[in-house]
Amino acid sequence: MQFVESPTKRPPAFHEARNKRQKARAAGLDPDYWYPVERIDAVAPGQVVEVIFWRRSIALYRGADGAFRAIENRCAHRQLKLSGGLVQGCRLTCPYHGWSYDGDGRLAEIPHELFGRSMPKIKLQDFPVQTKHGLVWLFMGDPARASARSIPEIPELEGPRPWGSIPADFVWRAHHSMIIDNICDFTHAFLHRKFRPFEGADLTRLDRGEHHVHLDYDTKVGRGRITGSFVDRERVDTDSMKLGYEYPYQWSNTGDRIKHWCFLLPIDEQTTRVFFLFYFDAFKIPGTRRKLPRWAMRPLLKIAAQTYLKPLLGEDRDALEAEQDGYNRHFDAPIAEFNPAVHAFHELTIRKWEEHLARAGRSPARASDAP
């Protein structure tokens, strides 16, 4: 099978795509879901930051009352980004002429001469905000649908005895569908041969639903030289793992004691912010049968985050960014994918994006690919 590289410099947009892989690699994520945009502790009261969802810029700010607010990131006067402005009380003020907006996006004050005119009635778009799991979440779609959508519950992290956890977030130069493929397709164990987070990948179950793809693997989990000594194999089945693409989120479950969620923020067609939340109740004191006490879990996980998890995920980042570069050059190459789960992920991503376009009144064959 021979392939000649296409002289075209850019991969096709969604409405131009000619096969399933091209469609999956161009699809956005349906904005009618809650998406994490920042860590709560990264924005102090009185601060403003820019967050981007599928090329849409939003000013996220935290008022003097500690509450988060999110509005369209532009001043209606001269179109400067409000994320470069000031938080004054619970308002966001443009740095140029001092036009000030409240949390609903309404123009609240103009500090300069109006030249005999009345105060204009101007309102920028605002976005529903929630805080949960240490993250700030926005609803970028139809506000009327926000109450019908929920952020995943993680009961293990609530109550008086929460599990130990490791939060992590990164910006990776790769399309969001590539990240789902990477996290759920365990045929890439070779990449992690140094750390050995899993070994083997026998796909034993694949379930496709309207909103999900669920799968089970027979795989040996946590067999690294150091990390393997902490895993309590007497209490936990570490020879299999359940995973799910619960659109637009992803999760895993090993023996009901080692779990994670992955939440994606699609910035554009080739950039994604990735929020991981790993949580555990399966560690023992190495060389013994004794369960690791909870007071010792926090410092251990801080060490593990730096010495194990960060470099492990760095391998995924390097591979995904190389995959994105390869796709940009060879997007017309024949599809060579064996894992049926990957095909199922692509089909769900494509169908959800087409449903969004249909609700927005845009034909996938002719529409702009903006959300």
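Which strands does helix α4 (residues 340-359) lie across, and at about what angle to β12 does the helix run? In this predicted model, helix α4 lies across β12, β13 and β14, and its direction makes about 45° with that of β12.

## The seven-stranded sheet

The strands that α4 crosses, β12, β13 and β14, belong to an open sheet of 7 strands, whose order is β11-β17-β16-β15-β14-β13-β12 and whose pairing is antiparallel. At the edges of this sheet stand β11 and β12 (198-208), each of which pairs on one side only, and from one strand to the next the twist averages 15°. In general, the strands of a sheet pair through backbone hydrogen bonds, in either a parallel or an antiparallel manner.

At the β12 edge, 8 bridges connect β12 with strand β13 (residues 212-221) in the antiparallel sense, and within this pairing Leu203 is placed opposite Tyr217 of β13. Helix α2 also packs on the sheet, where it touches β11, β13, β14 (240-246), β15 (249-254), β16 (258-268) and β17, and the direction of α2 makes about 165° with that of β16.

## The four-stranded sheet and a hairpin

A further open sheet is made of 4 strands, which follow the order β5-β6-β7-β8 with antiparallel pairing. Its edge strands are β5 (86-88) and β8 (107-109), and each of these pairs on one side only. Between strand β6 (residues 91-93) and strand β7 (residues 100-101) there are 2 bridges in the antiparallel sense, with Thr93 standing opposite Ser100 in β7.

Strand β2 (residues 48-53) and strand β3 (residues 56-62) run antiparallel and are joined by 6 bridges. Phe53 stands opposite Arg56 in β3, and the hairpin of β2 and β3 has 2 residues between the strands, with Trp54 taking a positive phi near 50°.

## Salt bridges

How many salt bridges does a search of the whole structure find? The search finds 31 salt bridges, and three pairs illustrate where such contacts lie. One of them joins Arg173 to Asp325, with the closest N and O atoms 2.8 Å apart. Because Arg173 lies in the loop between β11 (164-172) and α2 (176-184) while Asp325 belongs to helix α3 (residues 294-330), the pair ties together parts that are 152 residues apart in sequence. Arg173 is partly exposed, with a relative accessible area of 33%, and Asp325 is likewise partly exposed, with a value of 29%.

Asp281 forms a salt bridge with Lys291, and here the closest N and O atoms are 3.1 Å apart. Asp281 and Lys291 both lie in the loop between β17 (271-280) and α3, and the two are 10 residues apart. Is each partner of this pair buried or partly exposed? Asp281 is buried, with a relative accessible area of 8%, whereas Lys291 counts as partly exposed at 39% relative accessibility. Elsewhere, salt bridges that share partners join Glu38, Arg39, Asp41, Asp169 and Arg273 into one network.

In the remaining pair, Asp126 forms a salt bridge with Lys123, and the closest N and O atoms are 2.9 Å apart. Asp126 is partly exposed, with a relative accessible area of 25%, and Lys123 also counts as partly exposed, at 42% relative accessibility.

Note on methods:
Residues are numbered from 1 along each chain as its sequence is written. This is a predicted model: local features need pLDDT of at least 70, side-chain atom pairs count only at pLDDT 80 or more; totals for chains, interfaces and linings use all residues. Side-chain values use heavy atoms; hydrogens and water are left out. A salt bridge is a side-chain nitrogen of Lys or Arg within 4 Å of a carboxyl oxygen of Asp or Glu. Buried means under 20% relative accessible area, exposed over 50%, partly exposed in between (1.4 Å probe, protein chains only). Two strands pair if DSSP finds at least two bridges between them. Axes are lines fitted to C-alpha atoms, for helices over the stretch in contact, and angles run from 0 to 180 degrees between N-to-C directions. Contact means heavy atoms within 4.5 Å.
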